[in-house]
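Me: I would like a close look at one sheet in the model below, starting from a single residue and working outwards. Please give the cut-offs behind each term.

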Amino acid sequence: MERQLLILLLLCSSVCRAQQKQVNVDDLLILSSISPKNFNTYLGKKGFVPTFKTMPGNNPAVTFIETKNSKGTDSLSFNRSIEMYKRDNSNFFALHTSSKEEFQEGRFRLKQAGFFYDNTNRTERPSSLCFKKGSITIITDTSIKKEGVVYSFLLQKKEFPDPGTIRFAEDLLKFDSHEHLVHFFGKDNVKEDDYRFSENESKKCSVVFPNSSRQAVFIWDDESNLHKVSFIVIGGVVPTASAVQYNRSVGQNAWMLENGVYSGMRIKDLLKINGNDFKFYGQDSEFSFMIEPVNTKYIDFKRVGIVLGCFDCSGSPLLQTEKVSAEEAADLDLALYVSCVMIRPR
């Protein structure tokens, strides 16, 4: 899209300066769906002309400024602009207006269009609100500028990877909201749930392929918007509200990390992959059987959290210590294995 935006700048002279028409959030949705070569024509008919600027990281961007129409009072009363740029794997379209009424109307239209948002907040309030639907996220917010209050809609359209490239557990980190998961994996394969850390503590989560060998649980930093991955849980006994009610067996989890670690792996094989000893907390610890979160050699246990399981280990004196050497446990042939893997974003 960078090349297309640069070509667009060369076409500035061809901008159509037709009669101005008010723009709104619907226009952002249209812009996100049409070819960049048509941006000039579409916005030119709305009375906008382009200017060029560079975003951080030398990313090219185009800002369209609304021209003033001396015959109309609307343009004289309100200032509007639209900017477009690309960052990482997303295209961004931003609408800025000085009209509070347009801002409130835009939020209402998104609500009516079925966008997911935190409905504990009212759309007419000036506080920031995030709307999500499929591959599109729209952040609506206000800011104070020299010229007064500016009301903004920032639309992000995410480019999703090819399904064939989702091979390892780390690839799941490419999805950063519940709506993105639904868009990519399908509504029937993604369920909203509650992850229970204890009797008194839980957090909203999303479960991909629930109660199957391909199950993965997404824990969100932003619970209200089911957005921004805190960590992803692979394998183990998943303490979600729906899993408690599920009484059928689930096969061994099929997700594997890029380094070859998987749920069910023996501790001896985990030691071979790591190429170095590591420690895990003893069975009487608050973090029983969790591998100490440090970067050892080939596995960064701070980013990849691992909880071990053990068959018939209750009588081992070694496991009574505060921290246990994995090599010592392996030398005793304790039946330890990888039970649960937790992946954090980099």
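Which residue in strand 11 stands opposite Asp222?

Reply: The residue opposite Asp222 is His227 in strand 11. This is a predicted model, in which local features need pLDDT of at least 70, side-chain atom pairs count only at pLDDT 80 or more, and totals for chains, interfaces and linings use all residues. Residues are numbered from 1 along each chain as its sequence is written, and side-chain values use heavy atoms, with hydrogens and water left out.

Asp222 and His227 belong to the pairing of strand 10 (residues 216–222) with strand 11 (residues 227–235), which is antiparallel and runs over 5 bridges. Strands (E, at least two residues) and helices (H or I, at least four) are DSSP runs numbered from the N terminus; two strands pair if DSSP finds at least two bridges between them.

Strands 10 and 11 sit in an open sheet of 6 strands, ordered 8-9-10-11-15-13, with antiparallel pairing. Strand 8 (190–196) and strand 13 (304–311) are the edges; each has a single partner strand, so one side of each is left without a neighbour in the sheet. On average, neighbouring strands of this sheet are turned by 30° against each other, direction ignored. Helix 6 (residues 178–185) packs on the sheet and touches strand 8, strand 9 (202–208) and strand 10, where contact means heavy atoms within 4.5 Å. The direction of helix 6 makes about 140° with that of strand 8. Axes here are lines fitted to C-alpha atoms, for helices over the stretch in contact, and angles run from 0 to 180 degrees between N-to-C directions.

The sheet also contributes to the largest pocket, which has a volume of about 650 Å³. Its lining comprises 27 residues, and Tyr195, Met290, Val307, Cys340 and Met342 lie nearest the centre. At least two lining residues come from each of strand 8, strand 11, strand 13 and strand 15 (335–343). Strand 13 gives the most, 5 residues. A pocket is an open set of points on a 1 Å grid over the protein atoms alone, with protein on both sides within 12 Å along at least five of seven lines; a cavity is a set where a 1.4 Å probe fits but cannot get out; lining residues have an atom within 4 Å of a point. Points are joined across faces, edges and corners, and a volume is the space filled by probe spheres set on them.

By this rule there is 1 cavity of 30 Å³ or more. The largest cavity holds about 40 Å³ of space, and its lining consists of Val23, Asn24, Val25, Arg80, Leu95, Thr97, Glu102, Gly106 and Phe153. Strand 4 (90–97) and helix 5 (100–112) are the elements that give two or more residues to that lining.

Cysteines finish the picture at the edge strand. Cys310 is joined to Cys313 by a disulfide, S to S 1.4 Å, and the count comes to 1 disulfide (cysteine sulfur atoms within 2.5 Å). Cys310 is partly exposed at 21% relative accessible area, whereas Cys313 is buried at 6%. Two further cysteines are buried: Cys205 at 0% and Cys130 at 10%. Buried means under 20% relative accessible area, exposed over 50%, and partly exposed in between, for a 1.4 Å probe and protein chains only.

Elsewhere, strand 5 (residues 129–133) and strand 6 (residues 136–145) pair in the antiparallel sense over 5 bridges, with Lys132 bridged to Thr137 in strand 6. Their hairpin has 2 residues between the strands, and Gly134 takes a positive phi near 60° there. Strand 6 also pairs with strand 7 (residues 148–158), antiparallel over 10 bridges, and Asp141 has Ser152 in strand 7 as its bridge partner.
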